[in-house]
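Please open the model in your viewer and keep the sequence beside it, as this tour moves from one selection to the next and says what can be found at each stop.

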Amino acid sequence: QSLRDLAAELLEVQAKPQAVGGITHKADSNWQIEFEESFPYQETPDQLTAAREIKADMQQPVAMDRLLCGDVGYGKTELAMRAAFKAVDNGKQVAVLAPTTVLSVQHARTFADRFADFPLTVEVLNRFKTTRQTKDIIARAKAGKVDIVIGTHRLFSGDVAFKDLGLL
């Protein structure tokens with residue numbers, strides 16, 4: 001009986017995002033293509049497949065629910081950055097959840113470096129930020145003046161909000 005209850009709960013959890021709907025992002029813009037072509041490495045076949053699937057998900061009118069797994073150094077962050085770029089290019093904000101403060105700092109550097117040639121605003125929320133910096137980042141995110149916020153569990157605090165969050 002407990003297995004049946006668990007199965008029913010899992011089906012219900014899966015059905016909720018489908019019922020709510022999602023954001024239908026447009027096809028790739030010239031900017032998106034330029035961003036992807038600026039990747040300094042050769043993509044693996046698995047990266048290219050995952051990138052196509054993520055874009056297809058983002059262009060559907062249902063909430064995307066995708067888990068991307070891979071070993072260190074296999075391009076997961078690049079795929080996340082491409083999805084983030086697509087969301088921002090479609091007028092949405094992005095929140096990137098990192099499991100540790102150190103990883104949030106690392107991702108912030110990586111995102112900032114990768115987006116340096118594009119007019120996107122990337123910020124990080126973690127315990128290394130002062131109270132004043134944190135309040136400023138949160139205020140700008142609420143106003144829609146921050147495109148991508150990378151953070152730890154701090155992103156789930158009640159004071160954190162976005163003007164138009166389109167990708168987590």
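Begin by selecting histidine 25 in this predicted model, and then show the residues around it: apart from neighbours within four places in sequence, histidine 25 is in contact with Met58, Gln59, Lys86, Ala87, Asn90 and Lys92. If you look for histidine 25 along the chain, you will find it in the loop between α1 (2–20) and α2 (30–37). Is this histidine buried or exposed? Because its relative accessibility is 5%, and buried means under 20%, histidine 25 counts as buried.

Next, select lysine 55, which has its place in helix α3. With 17% relative accessibility, lysine 55 also falls under the 20% cut-off, so this lysine counts as buried. Which residues does lysine 55 touch, once its neighbours within four places in sequence are left aside? They are Asp28, Gln32, Glu36 and Lys86, and Lys86 is a residue you have already met among the contacts of histidine 25. Now draw a distance from the C-alpha atom of lysine 55 to that of threonine 24: the two residues are 31 apart along the chain, and the separation in space is 10 Å.

Stay in helix α3 and move to alanine 51, which is found there as well. Alanine 51 is buried, its relative accessible area being 11%. A distance drawn between the C-alpha atoms of alanine 51 and alanine 83 comes to 8.2 Å, although 32 residues separate them along the chain.

For a contrast, select glutamate 34 in helix α2, where the relative accessible area is 43%, so that this residue is partly exposed. From the C-alpha atom of glutamate 34 to that of alanine 143, which lies 109 residues away along the chain, the separation is 28 Å.

The following stop is the interior. Select Val94, Phe111, Phe115, Leu120, Ile148 and Ile150 together, since these are the residues that touch the most other members of the largest nonpolar core, which has 24 residues. Two or more residues of this core come from each of α3 (45–58), α4 (76–89), β1 (93–97), α5 (101–114), β2 (122–125) and β3, and α4 gives the most, with seven. To see one core member in detail, centre the view on phenylalanine 115, which touches Phe35, Met81, Phe85, Leu120, Val122 and Ile148 when residues up to four places away in sequence are not counted. There is also a second, separate core of ten residues, and you can locate it by selecting some of its members, including Ile137, Ile138, Leu155 and Val160.

Then go to threonine 152, which sits in the loop between β3 (148–151) and β4 (165–167). Leaving out neighbours within four places in sequence, you should find threonine 152 in contact with Leu97, Ala98, Thr100, Thr101, Ser104, Leu125 and Asn126. At 5% relative accessibility, threonine 152 counts as buried.

Finally, clear the selections and colour the whole chain by secondary structure. How many helices and strands does the protein chain have? There are six helices and four strands, and, when you follow them from the N terminus, they run in the order α-α-α-α-β-α-β-α-β-β. The radius of gyration is 17 Å, close to the 15 Å that the globule rule gives for 168 residues, so the chain is as compact as a globular protein of that length. Taken along the principal axes, the box filled by the C-alpha atoms is roughly 50 × 40 × 30 Å.

With the whole chain in view, a few totals can be added to the picture. Of the 168 residues, 35% count as buried, and, among contacts with a separation of 6 or more, 73% are made by residues 24 or more positions apart. If you switch on the surface, the area that the chain exposes is about 10500 Å², of which carbon and sulfur atoms supply 55%. Colouring by charge will bring out 21 positive and 22 negative side chains, and the centres of these two sets lie 7 Å apart.

Notes:
Residues are numbered from 1 along each chain as its sequence is written. This is a predicted model: local features need pLDDT of at least 70, side-chain atom pairs count only at pLDDT 80 or more; totals for chains, interfaces and linings use all residues. Side-chain values use heavy atoms; hydrogens and water are left out. The radius of gyration is taken over C-alpha atoms; the globule rule is 2.2 Å times the number of residues to the power 0.38. Buried means under 20% relative accessible area, exposed over 50%, partly exposed in between (1.4 Å probe, protein chains only). Contact means heavy atoms within 4.5 Å. Accessible areas come from the Shrake-Rupley method with a 1.4 Å probe; for residues, only the protein chains shown count as cover. Lys and Arg count as positive and Asp and Glu as negative; His and the chain ends are not counted. The place of a charge is taken as NZ of Lys, CZ of Arg, CG of Asp or CD of Glu. A nonpolar core is a set of buried Ala, Val, Leu, Ile, Met, Phe, Trp, Tyr and Cys residues joined through side-chain atoms within 4.5 Å.
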